[in-house]
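This report introduces a single protein chain to a reader who has not met it before. Please look over the sequence and the structure shown below before reading on.

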Amino acid sequence: AELAQGTTEIARNAGEASTGMNDIARSVGQVSQFAHGTKNGAVNVNAESEGMAQLASDLHGIVSRFKVN
């Protein structure tokens with residue numbers, strides 16, 4: 001009876017450990033997705049900032065053609 005109870009306890013603990021590991025794996029997957037999304041956002045911001053820099057340069061060139069008397 002004690003052996004059966006010990007075996008049952010071990011099985012229950014193993015099941016809880018398995019559930020915990022699944023939760024951790026799911027959390028790691030979510031962090032990975034968030035990191036990927038953040039990376040994509042940074043790439044987009046970088047591309048947009050390069051575009052803004054080009055527009056600023058173009059605008060500077062256009063404005064510099066005007067002379068103030």
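Phenylalanine 66 is exposed, because its relative accessible area is 63% and exposed stands for over 50%. This residue is placed in the segment after helix 1. The values in this report come from a predicted model.

**A surface patch**

Phe66 also belongs to a nonpolar patch on the surface, which it forms with Leu59, Ile62 and Val63. Together these residues offer about 420 Å² of accessible area.

**Overall form**

The chain contains one helix and zero strands. Helix 1 covers residues 2-63. Along the principal axes, the C-alpha trace spans about 105 × 15 × 5 Å. The radius of gyration of the chain is 30 Å, whereas a compact globule of 69 residues would have a value near 11 Å.

Toward the two ends of the numbering, glutamate 2 and lysine 67 stand 65 residues apart along the chain, and their C-alpha atoms are separated by 98 Å. Glutamate 2 is part of helix 1. With a relative accessibility of 71%, glutamate 2 counts as exposed, because the cut-off for that class is over 50%.

**Surface and charge**

What share of the 69 residues in the chain is buried? Buried residues account for 0% of them. The accessible surface of the chain amounts to about 6,200 Å², and carbon and sulfur atoms hold 63% of that surface. As for charge, the chain carries 5 positive and 7 negative side chains. The centres of these two sets lie 19 Å apart.

**Salt bridges**

How many salt bridges does the count come to? The count comes to three, and they are set out in the following table.

| Salt bridge | Closest N to O distance |
|---|---|
| Arginine 12 and glutamate 9 | 2.4 Å |
| Glutamate 16 and arginine 12 | 2.6 Å |
| Aspartate 23 and arginine 26 | 2.5 Å |

The pairs can also be described by their places in the helix. Arginine 12 and glutamate 9 both lie in helix 1, where three residues, about one turn of the helix, set them apart. Glutamate 16 and arginine 12 are separated by about one helical turn, because they are four residues apart in helix 1. Aspartate 23 and arginine 26 both lie in helix 1 as well, three residues apart, which is about one turn of the helix. Through salt bridges that share partners, Glu9, Arg12 and Glu16 are joined into one network.

Are the side chains of these pairs buried, exposed or partly exposed? Arginine 12 has a relative accessibility of 40% and therefore counts as partly exposed. Glutamate 9, at 37%, counts as partly exposed, and glutamate 16 is partly exposed at 47%. In the remaining pair, aspartate 23 has 36% relative accessibility and counts as partly exposed, while arginine 26, at 48%, is likewise partly exposed. These assignments follow because partly exposed lies between under 20%, which is buried, and over 50%, which is exposed.

**Summary**

In this predicted model, the chain has one helix and zero strands, and 0% of its residues are buried. Three salt bridges are counted, and salt bridges with shared partners link Glu9, Arg12 and Glu16 in one network. Leu59, Ile62, Val63 and Phe66 make up a nonpolar patch on the surface.

How values were computed. Residues are numbered from 1 along each chain as its sequence is written. This is a predicted model: local features need pLDDT of at least 70, side-chain atom pairs count only at pLDDT 80 or more; totals for chains, interfaces and linings use all residues. Side-chain values use heavy atoms; hydrogens and water are left out. A salt bridge is a side-chain nitrogen of Lys or Arg within 4 Å of a carboxyl oxygen of Asp or Glu. Helices (H or I, at least four residues) and strands (E, at least two) are DSSP runs, numbered from the N terminus. Buried means under 20% relative accessible area, exposed over 50%, partly exposed in between (1.4 Å probe, protein chains only). The radius of gyration is taken over C-alpha atoms; the globule rule is 2.2 Å times the number of residues to the power 0.38. Accessible areas come from the Shrake-Rupley method with a 1.4 Å probe; for residues, only the protein chains shown count as cover. Lys and Arg count as positive and Asp and Glu as negative; His and the chain ends are not counted. The place of a charge is taken as NZ of Lys, CZ of Arg, CG of Asp or CD of Glu. Patches are made of residues with over 30% relative accessible area and no salt bridge: like charges are joined within 9 Å, nonpolar side chains (Val, Leu, Ile, Met, Phe, Trp, Tyr) within 5 Å.
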